[in-house]
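Please work through the following exercises with the sequence and the model open beside you. Each task sentence is followed by a solution that proceeds in steps.

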Amino acid sequence: MIKNIHSKPVAALILGTVMTVFGTLALAAEDPIVIKFAHVVAENTPKGKMAEKFKALVAEKLGDQVVVEVYPNSQLFGDDKVLEAMLLGDVQMAAPALSKFSRYTDVLALYDLPFLFEDLDAVDRFQQSDEGQTMLLSMQDKGLIGLGYLHNGMKQLSASTPLRVPADADGLKFRIMASDVLEAQFKAVDATPVKKPFSEVFTLLQTKAIDGQENTWSNIYSKKFFEVQPYITESNHGLLDYMVVTSDEFWSGLPDDVREPVKAALDEALAYGNQIARDKAIEDKQKIAESGRCEIIELTPEERAQWVEVMKPVWDEFQEDIGVELIEAAYAANQTD
Ligand code: SIN
């Protein structure tokens with residue numbers, strides 16, 4: 001009798017507990033942590049491939065617990081909107097070009113200074129230095145955290161007319177990223193810079209609303225700019241690199257046993273993407289050359305010196321905002337000894 005009186009509640013209790021456990025497990029299986037990773041370039045680029053690698057590595061390390069969703073080609077947000085969206089929790093990761101953070105910090109404008117870095121080895125040396133690493137946290141007071149750098153490569157100039165010396169750019173309209181340094185750089189050669197999102201560049205070039213633009217071999221190839229620009233000058237005058245960012249709120253809200261493997265996956269994906277950037281700079285230039293669609297202009301040392309002479313004074317305009325010591329440290333990274 002006693003057994004009967006008590007067996008019902010005990011059975012109900014066990015059943016309830018079992019259901020709760022299964023309910024929680026079902027919920028856990030249904031509700032993974034989702035990391036939406038938005039970017040603006042094609043899949044077959046250093047950033048596109050890095051993002052896919054990151055997704056695969058997270059799946060490998062964390063199974064169904066964390067799902068990375070990659071949105072390429074400005075499908076989810078363009079770079080003009082993505083950081084606001086991140087602070088609102090609508091996207092968790094992005095890797096905008098370093099030129100696109102000016103609303104959040106002055107110091108990253110460093111990377112836009114023309115003729116600052118001689119090559120990606122110098123960029124690596126600086127980014128891995130204390131100064132370079134500290135810059136990852138330059139937007140923390142605005143709620144954004146830099147998780148790492150990714151290369152795309154050195155920028156080239158493309159145009160509707162051949163550009164050999166700065167005077168050739170006089171009066172031409174160039175699309176630029178949203179950066180005051182890049183604006184000053186084109187004004188220095190008496191051109192007209194126009195700040196426009198990446199997603200509009202092809203059409204602006206095709207319709208001749210603008211005369212030229214600056215970008216890497218990988219972006220010029222993957223977005224087919226070379227099909228609508230008859231000349232590309234191999235100027236290597238500036239850098240297009242990225243910072244992978246997330247919101248402080250999202251990042252600090254992750255459990256430690258999730259945040260750590262996610263960061264490890266990202267570090268591995270960044271190393272992979274950085275190698276792809278180096279390879280693509282060579283391969284995509286080659287593909288453009290083989291296409292026969294445009295002429296690649298190689299500058300003589302004398303011609304290049306003219307661009308340096310006209311553009312480098314732009315540094316003076318921004319040295320107060322960026323910091324003279326930071327500029328010196330970055331420039332010093334060109335030296336190997
Ligand atoms: C990118 O590489 O993410 C876009 C660069 C640009 O806006 O030109």
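## Exercise 1: Charged pairs

Asp 121, Asp 124 and Arg 278 are joined to one another in a network of salt bridges. The model in which this network appears is a predicted one.

**Task.** State how many salt bridges the structure holds, and then examine which parts of the chain are tied together by the pair Glu 295 and Arg 164.

**Solution.** Begin with the total, which is 15 salt bridges for the structure. Side chains of opposite charge can pair when their charged atoms come close.

Next, check the distance: in the salt bridge between Glu 295 and Arg 164, the closest N and O atoms are 3.5 Å apart, and the cut-off for such a pair is within 4 Å. Then place the two partners: Glu 295 belongs to strand E9 (residues 295-298), while Arg 164 sits in the loop between strand E4 (144-159) and strand E5 (173-176), so the salt bridge ties together parts that are 131 residues apart in sequence. Finally, consider accessibility: Glu 295 is partly exposed at 37% relative accessibility, and Arg 164 is partly exposed as well, with a relative accessible area of 34%.

**Task.** Determine what separates Lys 263 and Asp 267 within helix H10, and whether Asp 141 is buried or exposed.

**Solution.** Lys 263 and Asp 267 form a salt bridge whose closest N and O atoms are 2.8 Å apart. Both residues lie in helix H10 (residues 256-291), and because they are four residues apart there, about one helical turn separates them. Lys 263 has a relative accessible area of 27% and is partly exposed, and Asp 267, at 38% relative accessibility, is partly exposed too.

For the second part, note that Asp 141 is the salt-bridge partner of Lys 142, with 3.7 Å between the closest N and O atoms. Asp 141 has a relative accessibility of 64% and therefore counts as exposed, the threshold being over 50%. Lys 142, at 39%, counts as partly exposed.

## Exercise 2: Nonpolar cores

**Task.** Identify which residues have the most contacts inside the largest nonpolar core, and which element gives the most to this core.

**Solution.** The largest nonpolar core comprises 61 residues, and those with the most contacts inside it are Phe 37, Met 50, Phe 54, Met 93 and Trp 307. H10 gives the most to this core, contributing seven residues. Taking Trp 307 as an example, and leaving aside residues up to four places away in sequence, its contacts include Phe 115, Leu 157, Leu 299 and also Arg 164, the residue that pairs with Glu 295 in a salt bridge.

## Exercise 3: Cavity and pockets

**Task.** Find how many cavities of 30 Å³ or more a search of the whole structure gives, and describe what lines the two largest pockets.

**Solution.** The search finds one cavity of 30 Å³ or more, and the volume of the largest cavity is about 60 Å³. Its lining has 13 residues, with Val 40, Lys 100, Phe 198, Asn 219 and Leu 240 closest to the centre.

Turning to the open sites, the largest pocket holds about 310 Å³ of space. Of its 21 lining residues, Asp 79, Asp 80, Lys 100, Arg 103 and Ala 178 lie nearest its centre, and by class the lining has eight nonpolar, four polar and nine charged residues.

The second largest pocket holds about 240 Å³ and is lined by 17 residues, with Ser 102, Asp 106, Ala 109, Asp 180 and Phe 318 nearest its centre. Helix H6 (180-187) and helix H12 (314-322) are the elements that give two or more residues to this lining, and H12 supplies the largest share, three residues.

Terms used:
Residues numbered from 1 in each chain as written. Predicted model: local features only at pLDDT ≥ 70, side-chain atom pairs only at ≥ 80, totals over all residues. Heavy atoms only, no water. Salt bridge = Lys/Arg side-chain N within 4 Å of Asp/Glu carboxyl O. Buried < 20%, exposed > 50% of the residue type's maximum accessible area, 1.4 Å probe, protein only. 1 Å grid on protein atoms, 1.4 Å probe; cavity = no way out; pocket = protein on both sides within 12 Å on 5 of 7 lines; lining within 4 Å. Points joined across faces, edges and corners; volume = space filled by probe spheres on them. Core = buried A, V, L, I, M, F, W, Y, C linked by side-chain atoms within 4.5 Å. Contact = heavy atoms within 4.5 Å. Nonpolar A, V, L, I, M, F, W, Y, C, P; charged D, E, K, R; others polar.
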